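Welcome, and please take a moment to turn the model around on your screen before reading on. The report below is meant as a friendly first tour.

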Amino acid sequence: MKHLVLTTALAGLALPATAQTIGISIPAATHGWAGALNFHAEETVDRLSEQFEDLDFVLTTTPDPGTQISDLEDMMATRDIDALVVLPFESEPLTGPVARIAEGGTWVTVVDRGLSQEGIEDLYVAGDNESFGRTAGEYFVENLDDGAQIVVIRGLPSTIDNERIEAFEAAIEGSGIEVMAMEHGNFNRDDSFTVMQDYLSRYPEIDAVWATDDDQAVGALAAIEQADRNEEMFVVGGAGMKQMIQRVMEGDEMVPVDVTYPPSMISTAIEMTALGVMNPGLPVSGRFIIASELVTPENAESFYFEDSPY
Amino acid sequence: MSTTTTTPARSRAWMPDLHVLGPILALVALVLIGIALNPNFLSVANLTNVLARSAFIGIIAVGMTFVIAAGGLDLSVGSMAAFIAGLTILAMNTILPSMGAGIAVIGVGVLIALAAGLIAGAINGLLVTRAGIEAFIVTLGTMGIYRSLVTWLADGGTLSLDFALREIYRPVYYGGVAGVSWPIIVFALVAIAGEVVMRHTAFGRHCAAIGSNETVARYSTVAVNRVKTLTYVLLGLLVGVAVVMYVPRLGSASAATGLLWELEAIAAVIIGGTVLKGGFGRVWGTVVGVLILSLIGNILNLTDMVSPYLNGAIQGVIIILAVVLQRKGTAG
C-alpha cells in the first residue's frame with residue numbers, strides 16, 4: 001500500500017515536466033501464441049506513441065528468464081522507466097527482480113504469468129487457465145457419451161499447462177470419459193504431429209482429441225488426415241488462431257469448437273498502464289482476468305481477426 | 001571428456017568390433033523393446049511414420065557427417081531449414097497468381113529451396129575458410145540470423161502455403177512408390193550416395209584427412225579450403241532437400257520450425273561413430289544414429305512407462321552410452 005501512494009505521488013510530480021516512459025518486457029516469438037503477443041504489443045505501442053506525444057515505450061523481447069532479468073535491469077538503469085509491463089518468462093526467477101523494481105516506486109503491471117509472491121504488482125492482467133481447461137472439459141462432457149476414449153496433447157511443461165490440465169480433469173470427472181494418454185506437444189506443430197501419429201498407431205479407437213492449443217491442433221489434424229481417420233474423432237484446440245476460428249466458422253466437423261486465450265491481452269495491459277501513468281489518481285490497479293470463451297459456429301465471426309498473423 | 005581421448009590401445013584387442021557393432025546393437029535392442037511393448041510397433045503405418053519423420057534430420061545428418069569428419073561443425077542447420085522453408089512458402093505464394101496453381105509453381109519452389117540451401121551453405125563455408133573464423137562461431141552467428149529472419153518473415157506468426165498449392169504439393173510427403181513414401185526414398189538415396197562418396201571418392205578421403213590433421217593434408221596437396229567449403233555447401237544443399245520434403249507435411253513454417261534439429265543431427269552423427277573432432281566419418285552409422293533417436297521418441301509415445309517429462313533424459317543417456325561403448329573400441 002505504501003509504495004502505491006508513493007508511485008502516485010512521484011508520477012504526479014513528474015508528469016508536467018517530462019514524458020512518461022513505459023517499459024515492456026515479453027517473451028520472444030518462439031511459438032504461434034507468443035508471436036501474436038509480439039504482434040499485438042508492437043501494434044499497441046505504435047498506436048499509443050502516435051496518439052500521445054509525451055508517452056515513450058521501450059519494448060524488449062526475451063528468449064529466456066536470464067535475459068529477461070538483464071533486460072529489466074537495463075531498463076531501470078538506462079531508460080529510467082516510469083512503469084513496467086512484464087510477462088514473466090517464468091514466475092520464480094522473475095519475482096525478486098520485479099519486486100525490487102516495484103519497491104523503487106515504478107508502476108508494475110504483470111501480464112498472464114503471475115509472480116510467486118502476492119501483492120508485488122499494481123495491476124495484474126491475465127487469461128484464465130482454469131476456465132480454459134474447464135470450458136474445454138465441459139464441451140467434452142456434453143458431446144461425448146459415457147465410456148468415450150480421448151487423448152490429450154499437453155503444451156510446454158509449465159504451471160500454465162498444469163493448471164489447464166487439472167481444470168480439464170476436474171470438469172470431466174465422473175462423466176465416464178477416459179483419458180487414454182497425455183504427452184507434450186510443446187506448442188509445436190511438428191512435435192504434435194509426431195505425438196498424434198503415435199497415438200493413432202497405439203489406439204485403434206479414439207473418440208476425441210484435446211489438443212490444448214491451436215498450433216498443436218494443426219499438427220494433430222494433419223496426422224489424423226494422413227491416417228484417414230477423419231470420421232472417427234473431433235479435435236479441440238485452444239487460444240483462437242485465425243485458421244482454427246475459420247474452420248469453426250465454416251462448420252468443420254473435425255473442428256467443432258475452439259476455446260479462447262487471447263494474446264491481445266498484452267494490449268489490454270499496455271493500454272491500462274498508459275491510462276494509469278498519464279492520469280495520476282485514476283483507479284486502474286487491481287486484477288483484470290480475461291475469461292476463456294467457447295467459440296462455436298454461431299459466434300465464431302466475432303473472434304476472427306483478418307489482419308492478425310495468428 | 002579427457003578419458004575418451006586417452007583410451008589406451010589395449011581395449012582394441014579384447015573387443016575389436018564394438019565400435020562398429022555398438023550402434024547396430026542399440027538399434028536392434030530398441031526394436032525388440034518396441035515389439036515387446038506394443039503390438040502395433042511393427043505395423044507398416046508405424047514404421048512408415050518413424051522412417052518418414054526421420055527423413056528431415058536424416059538427410060541433414062548425412063551432410064553433417066562430412067562437415068564433422070572434416071573437423072568442422074554446423075549449428076545453423078535447424079534455423080537454416082526454418083528460414084528456407086519460410087522463404088520457399090513465401091515465394092510460391094507470391095508467384096501463384098501469375099503462374100496459376102500447378103506443378104510449375106512447386107518446381108520453382110523446389111529450385112528456390114535448393115538454391116537457398118546452396119547459398120546459405122556457401123556463406124558458412126566461406127566465412128570459415130576465407131575469413132578464418134571458427135566454425136562454431138560462424139554457425140552460431142548464422143543460426144541466430146536465420147532464426148530471426150524466419151520470425152521476421154512470418155511477422156512472429158506462421159507462414160502458410162496457399163491451400164490450392166498444398167493439395168498439389170502434399171503427395172511429396174504423403175505419397176510414394178509401391179507403398180514406400182517419398183521422404184523414405186529420398187532419405188535412402190541420400191544415405192547411399194553419401195556412403196559411396198565418403199568411402200570411394202577422393203572428396204571423402206580428403207574430408208577425413210583434413211579432419212585428422214589439416215597441416216599434413218595441406219602438405220599432401222589436398223585443396224583444404226576448397227574441400228572444407230564444399231562440405232558446408234553440400235550440407236546446405238541437403239538442408240534444402242530436407243526442406244523440400246518438409247514443407248508439404250504441414251504446409252507451414254514458423255519460428256518454431258526446425259528447433260534443435262542441429263543438435264539432433266550432431267547427436268545422430270556422433271552416435272553413428274563419427275568422431276566429433278574430425279578425422280573419421282561413417283555415413284551408415286549416422287543413419288543408424290538418426291533411427292535410434294527417432295525410435296526412442298516413438299517408443300516413449302507408444303507406452304506410458306516413463307513420464308513424458310523424462311523423454312529428454314532417456315535420449316541423453318542413450319547418446320552418452322552409445323559414445324562410451326564406441327570409445328572403448330577406438331584409440332580416439
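What follows looks at the two chains, then at where they touch, and then at how far to trust the details.

**The two chains**

Please keep in mind from the start that this is a predicted model. The table sets out some overall values for each chain.

| Chain | Residues and buried share | Box along the principal axes | Mean pLDDT |
|---|---|---|---|
| Chain A | 310 residues, 52% buried | roughly 70 × 35 × 30 Å | 88 |
| Chain B | 332 residues, 52% buried | roughly 65 × 55 × 35 Å | 89 |

Let us begin with chain A, whose secondary structure comes to 10 helices and 12 strands. Its radius of gyration is 21 Å, which agrees with the value near 19 Å that a compact globule of 310 residues would have. The chain also brings together residues from distant parts of its sequence: among contacts between residues at least 6 apart, 75% join residues at least 24 apart.

Chain B is built from 16 helices and four strands. A compact globule of 332 residues would have a radius of gyration near 20 Å, and the 20 Å of chain B agrees with this. Here, 81% of the contacts between residues at least 6 apart in sequence join residues at least 24 apart.

**Two helices of chain B**

Helix H5 of chain B covers residues 77-99, so it has 23 residues. From its first C-alpha to its last, H5(B) reaches 31 Å, close to the 33 Å expected at 1.5 Å a residue. After H5(B) comes Gly100(B), with a positive phi near 80°.

Another helix to look for is H11 of chain B, residues 202-212. Which residues of H11(B) are buried? They are Gly204(B), His206(B), Cys207(B), Ala208(B), Ala209(B), Ile210(B) and Gly211(B). These buried residues pack against four helices of chain B: H4 (44-69), H10 (182-200), H12 (214-219) and H13 (224-250).

**Where the chains touch**

The contact between the chains draws 28 residues from chain A and 28 residues from chain B. On the side of chain A that touches chain B, the elements giving two or more residues are helix H2 (32-51), strand E7 (178-184), helix H7 (189-202) and helix H8 (214-226). Which of these gives the most? That is H7(A), with eight residues. By kind, the residues on this side of chain A divide into 12 nonpolar, 12 polar and four charged. For the complex, the predictor gives an ipTM of 0.76 and a pTM of 0.80.

**How far to trust the details**

In chain A, 94% of the residues score a pLDDT of at least 70, and in chain B 92% of the residues do so. Among the elements of chain A, strand E8 (residues 208-210) has the highest mean pLDDT, 97, and helix H1 (residues 2-14) the lowest, 44. The pLDDT is below 50 over residues 1-17 of chain A, a stretch that has 18 contacts in the model beyond near neighbours in sequence. In chain B, residues 1-16 stay under 50, and the model has 15 contacts for them beyond four places in sequence. Where pLDDT is low, the predicted coordinates should not be read in detail.

Notes: Residues numbered from 1 in each chain as written. Chains lettered and ligands numbered in written order. Predicted model: local features only at pLDDT ≥ 70, side-chain atom pairs only at ≥ 80, totals over all residues. Contact = placed C-beta atoms within 7 Å. Nonpolar A, V, L, I, M, F, W, Y, C, P; charged D, E, K, R; others polar. Rg over C-alpha atoms; globule rule 2.2 N^0.38 Å. Buried ≥ 20, exposed ≤ 12 C-beta atoms within 10 Å, placed from the backbone. Expected span 1.5 Å × (residues − 1). pLDDT = per-residue confidence, 0-100.
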